[in-house]
Amino acid sequence: MPPQSVQSYNTSSTSVNVTWFEVPTGFVHGILRGYRVFYNITRLQGATVKHAVSVPADRLYVHLLGLNKFTNYTIQVAAFTRIGYGDLSRGLRVSTDEDGMDRWYRKSKRMNERTNEQNDKRTSKRKKLYE
């Protein structure tokens, strides 16, 4: 079973935030090492996964930076153990903002620490739901 409730939203013309719930207890076969977030530009015929970033098991979010402006991306998340990856979540589409958002991004970059703190709080709340 893949990570649950994967959500994403743009934070600027070149970045998006991705969050998810952990894989339910009993569906991880082994010790959970982390999550792998796969993303790529969405094409008319679908998306091919070309980019990926790993996240530690205790984090249920990632902020993807350096993306193309005003571009659609398809995002999927999978949990992994030392043996390999679990099932991929369904493809989620998100779009970065149009150009001209860079000024806003500079302001939001300062707020990024606050966003990470909020995500950490959400992660704690989600973990409590599964305890």
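Analyst: Two strands pair if DSSP finds at least two bridges between them, where helices (H or I, at least four residues) and strands (E, at least two) are DSSP runs numbered from the N terminus. This is a predicted model, in which local features need pLDDT of at least 70, side-chain atom pairs count only at pLDDT 80 or more, and totals for chains, interfaces and linings use all residues. Residues are numbered from 1 along each chain as its sequence is written, and side-chain values use heavy atoms, with hydrogens and water left out.

User: Happy to dive in! In what order do the elements of the chain run from the N terminus on?

Analyst: The chain has one helix and seven strands. From the N terminus on, these elements run β-β-β-β-β-β-β-α.

User: Which element of the chain has the lowest mean pLDDT?

Analyst: A good thing to check, as pLDDT is the predictor's confidence in each residue, from 0 to 100. The chain has a mean of 84, with 74% of its residues at 70 or more. Strand S5 has the highest mean among the elements, 97. The lowest mean, 63, belongs to helix H1 (residues 102-130).

User: Let's take the three-stranded sheet S1-S2-S5. What does the twist average from one strand to the next?

Analyst: Three strands make up this open sheet, in the order S1-S2-S5 and with antiparallel pairing. S1 and S5 are the edge strands with a single partner each, so one side of each lacks a neighbour in the sheet. Angles here run from 0 to 180 degrees between N-to-C directions, with axes as lines fitted to C-alpha atoms, for helices over the stretch in contact. From one strand to the next, the twist averages 15°.

User: How many bridges pair S2 with strand S5?

Analyst: On one side, strand S1 (residues 4-10) pairs with S2 over five bridges, in the antiparallel sense. S1 and S2 also form a hairpin, with five residues between them. S2 and strand S5 (residues 61-64) are antiparallel as well, and their bridges number four.

User: And which residue in S5 is the bridge partner of Val18?

Analyst: Starting from S1, Asn10 stands opposite Val16 in S2, and Ser8 has Val18 of S2 as its bridge partner. In S5, the bridge partner of that Val18 is Val62.

User: How many of the six residues of strand S2 are buried?

Analyst: Buried means under 20% relative accessible area, exposed means over 50% and partly exposed lies in between (1.4 Å probe, protein chains only). Across the chain of 131 residues, buried ones make up 40%. Strand S2 (residues 16-21) is largely enclosed by the rest of the structure, because its buried residues number five.

User: On to the four-stranded sheet. Which strands stand at its edges?

Analyst: Four antiparallel strands form this open sheet, in the order S4-S3-S6-S7. Two strands have a single partner each, so one side of each has no neighbour in the sheet: S4 (51-56) and S7 (92-95).

User: Which residue in S6 is the bridge partner of Tyr35?

Analyst: Strands S3 (residues 34-41) and S6 (residues 72-80) run antiparallel and are joined by eight bridges. In S6, the bridge partner of Tyr35 is Ala79.

User: What about aromatic residues: which ones do ring pairs link into a cluster?

Analyst: Rings of Phe, Tyr and Trp (its six-membered ring) pair if their centres lie within 6.5 Å; planes under 30 degrees apart count as stacked, over 60 as edge-to-face and the rest as tilted. The structure holds four such pairs, and Phe38 with Tyr85 is edge-to-face because the centres are 5.8 Å apart and the planes are at 75°. Phe80 and Tyr85 have centres 5.8 Å apart and planes at 75° too, so this pair is edge-to-face. Ring pairs link into one cluster Phe38, Phe80 and Tyr85.

User: Is Phe38 buried or exposed, and what is its relative accessible area?

Analyst: Within the cluster, Phe80 counts as buried at 18% relative accessibility. Phe38 is buried too, its relative accessible area being 15%.

User: At what distance from the ring centre of Tyr61 does Arg59 lie?

Analyst: A charge sits over a ring if NZ of Lys or CZ of Arg is within 6 Å of the ring centre and within 35 degrees of the ring normal. Arg59 lies over the face of Tyr61, and its distance from the ring centre is 4.8 Å.

User: Last one: how far apart in space are Asp120 and Asp58, C-alpha to C-alpha?

Analyst: Asp120 lies in helix H1 and counts as partly exposed, at 36% relative accessibility. Asp120 and Asp58 are 62 residues apart in sequence, and their C-alpha to C-alpha distance is 9.3 Å.
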